[in-house]
Each structure stands twice: as structure tokens, then as C-alpha cells.
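Let's take a walk through this model together, one region at a time. Please bring up the structure and keep the sequence at hand.

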Amino acid sequence: FDFHHQPGDSSPLVASFDTGSRRPVPRGRNIVSGGAMSEGKSSSKGAPDSVALLLFFLFWYAGNMQYNKYNSASLNAVGGKNGGLTMTVATMQLGVCAVYGLLMWIVGLNPAKLFGLQMPARQKVPQVTGGDLFKSIPLAFCAAGAHAATVFALGGDPLFGQIVKSAEPVLAAIVGTIVYSKAPSFAKVCCLPIIVGGVAFASLKKGDDGAYSLKFDATALIFGMLANSFAAFKGAENKKLMSDKGIAERYGGVGNQFAVTQIVGFCILLPIMFLTEGDKFSTFVETLKTNSDFQFNLVMSGLCFYLYNELATYTLKVTGAVTASVANTAKRVIVMVYMAAVTGKVLTDEQKLGSAIAISGVLLYSVIDDMLKPKKTKAE
């Protein structure tokens, strides 16, 4: 899944949907039919679709901001980036997602639509086969890798990590061209230096002598780029998997696919967690038992991660390409400002300018093809 927060993004670890779709929504049809809530019929009672869409936007942003807040608090409780438990926190967040997905199947309802003041929809257990699950492993692996790498990046520096994450289209273009033989347009390629230049400028720091030198958090840079790489593969693998109409039909909707991806991803990360941080797992358990704030932050970070991705799905599926791109760009800026306020860390002038350049480049990358399309005449 490429549930992002930005076209091409964790954000934003975000199924890879055709956000450029401009299909009209039939009058009287729920805005998320055909999306994550298509697993079953639900009551049409509730807020009008226009109101629900606005609320989904607001809670998508709020959920993303709260995830970053709870994630940072969880990491700080176990010693931060030097505590040696980052992979454990990332894995347990997916564990929370897995439990949430299982509970929805047990109850038979997905409550996410309540955020739009609409009735929850039914969510039945998908009728996937063992072969379907096997084919889903590459997607789940990439999704889990993108999530874990993002947690490492944000644990290194939550602000610079966000800046690095904005460079995801660069990795998506490289992976798409080399691995999947799907190169971006020439116009999109011309936007990539803007994104790279912005991230590079944000990595500079002015010394006392007035000279600039590279200074950045290596953890945020390395794992941010790794997360971008996983996200690029994730988007391509999702598209490849769902091109099989039989698998798509047996999943029964995006909500089920996302739930299965989180469960399989958790199972993939679990052995990696014990292999890399198993010697400190007792410390994690002890902290979890004795620190109620940590318990709350860990559970809430997992829930917020799951929910904001679903809400992003609802909004991006029914908005045009330009609206989706602007929404993702705005979200990235809002999250950075929010995390600066939460952490008390102030962006340097170089980071402000660099992030503005990089994020503007991402926005341009997202809409450039639509902008350059020849306009159809009335005769056509």
C-alpha cells in the first residue's frame, strides 16, 4: 500500500491508488464506496458526503500529527535512537495494527467512517487463498520495511526525517525505471533536481565563520532514504498484486487488503526484531509493564497509524490529482510545524528554505503532467 501523505509517500505507508482519477461520484452514493468501506453495505444515514469528506481530511491530518507525536514519545520512553529498541517499537506498532484488523473482522464492522459522522460499514473476513497470501508477501515486506525505516528516521530527527521523506518521488522514479521499466515523463524527471536540491540545502549548516558545511542527523538521512526506497517498491508491488482481478475480488476491498498487509508485515518484522534487538526485549517488556504513559503512547501510535492511512484512502480516492497533491503537500508542512512545536526544536533557516524547495518540487512533480496536457477543445 502506498498510503501517503504525499503523492508518489509514508506518509504517507500510505495502498497505491490512482489519485489522478477524476471519476464522478454518483449522486446519493457514499464517497467511500469502492474504497476501504466497500466490504459490505451500510446504512446511508449520516452526514452528507461533502461534510464527511471534509471531516476525513481533517482527521487524516490530525491522525498523522498525533502519530508523529505518540511515536516520538514511545521512542523517548525506551531511550530514543540510542536506546536500541527502535525496531521493537516499530514492530509493536504493527502488532497493534494487526490486532485492530482482527477485531474488525470479529465484530464485522469498520468504525472509520464514524470520523465522517457516517455509519460504520460491514467488513467481512476476506476470502483469500494461501496462494493469494503468498503473492501478498512482497507487498507486506515492503510496507513493513517502509514503516520500520520511517520510525528509525523520525527517531533520529523527527523534523529532518520529514524533510528527507519528502524526497520519495526521487526514489520512486529510480525504482520504477530500473526495476519495473516504468520511467516517469521527461517533465517529471526535470522536477527531481529541485527535490534533491531542497533536501541537500536543508542538510547545510552555517558556521561561525560564515562558511557552509554539511551537518545532518545521519540516522534520519539514511533511514529516511531507505524508507523512501521501500515505499517506492511498495507502490509498484501493490499495483502488480491488484492487477490480478481474482485476488482483488477475493480481498473484497482496500480495507481488507490493508488489514492483511499489516498482519503479514507484523509477522515479517517479528523475527527481525528478535534477531536485532532480542537481547533487550526484557527491557522493553519491563518498561511496558511499569510505564503507563508508554503503554498509552505505543497503542495510540499504532492506532493512529492505521486510522490515518484509512482516512487518507477515503480522501485521495475521490479527489482529483491536483487536489490530492495540494492536500499531501499541505499535510507535510503542517506535520513539520506541529512536530517543531511538540519537540521544541526549531528549524534552522537552511532547513526552512530547503524543506520549502523540496516540498514545492514534490508538488510540481505531482501535477506537472496534468499541467502540460493539451486541453481538449469542445469539438473534441
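Is Leu103 buried, partly exposed or exposed? This is a predicted model, and in it Leu103 has a relative accessible area of 45%, so the residue is partly exposed; the cut-offs are under 20% for buried and over 50% for exposed. Leu103 lies in helix H2, which covers residues 86–107. Look around Leu103 and you will find a nonpolar surface patch of about 480 Å², made by Val99, Leu103, Ile106, Val107 and Leu109. Helix H2 gives the largest share of this patch, with four residues.

Now move along helix H2 to Thr91, which is found in that helix too. Here the relative accessible area is 0%, and Thr91 is therefore buried. What is Thr91 in contact with, once its neighbours within four places in sequence are left aside? The partners are Phe266, Leu269, Leu270 and Met273.

Let us turn to the charged side chains. A search of the whole structure finds four salt bridges, and three of these pairs make good stops on our way. One joins Lys135 and Asp244, whose closest N and O atoms are 4.0 Å apart. This pair links distant parts of the chain, 109 residues apart: Lys135 sits in helix H3 (residues 130–156), while Asp244 belongs to the loop between helix H7 (218–242) and helix H8 (245–251). Asp244 has a relative accessibility of 29% and so counts as partly exposed.

Stepping back into helix H7, we meet a salt bridge between the side chains of Lys240 and Glu237, at 3.5 Å from N to O. Both residues lie in helix H7, three residues apart, which is about one turn of the helix. Glu237 is buried, because its relative accessible area is 12%, below the cut-off of 20%.

Another residue to visit in helix H7 is Lys234. Is Lys234 buried or exposed? With a relative accessibility of 1%, Lys234 counts as buried. The C-alpha atoms of Lys234 and Leu139 are separated by 5.6 Å, although the two residues are 95 residues apart along the chain.

The next salt bridge takes us to helix H10, which runs over residues 281–290. There the side chains of Glu286 and Lys289 meet, with 3.9 Å from N to O. Again the two partners lie in one helix, three residues apart, about one turn. How do their accessibilities read? Glu286, at 42% relative accessible area, is partly exposed, whereas Lys289, at 58%, counts as exposed.

Our last stop is helix H13, made of the 24 residues 349–372. How far apart should its ends be, at 1.5 Å a residue? The expected span is 34 Å, and the end C-alpha atoms are 33 Å apart, which agrees. Follow the axis and you will come to Ser366, where helix H13 bends by about 40°. Ser366 is also one of the buried residues of this helix. Others on that list include Glu350, Gln351, Gly354, Ser355, Ala358 and Ile359, as well as Gly361, Val362, Tyr365, Val367 and Ile368. If you colour these residues in your viewer, you can trace the buried positions along helix H13, with the bend at Ser366 among them.

Methods: Residues numbered from 1 in each chain as written. Predicted model: local features only at pLDDT ≥ 70, side-chain atom pairs only at ≥ 80, totals over all residues. Heavy atoms only, no water. Helix = DSSP H or I, 4+ residues; strand = E, 2+ residues; numbered from the N terminus. Expected span 1.5 Å × (residues − 1). Bend = angle between axes of the 7 residues up to and from the residue. Buried < 20%, exposed > 50% of the residue type's maximum accessible area, 1.4 Å probe, protein only. Patch = residues over 30% accessible without salt bridge, like charges linked within 9 Å, V, L, I, M, F, W, Y side chains within 5 Å. Areas by Shrake-Rupley, 256 points an atom, 1.4 Å probe, with all protein chains shown as cover. Contact = heavy atoms within 4.5 Å.
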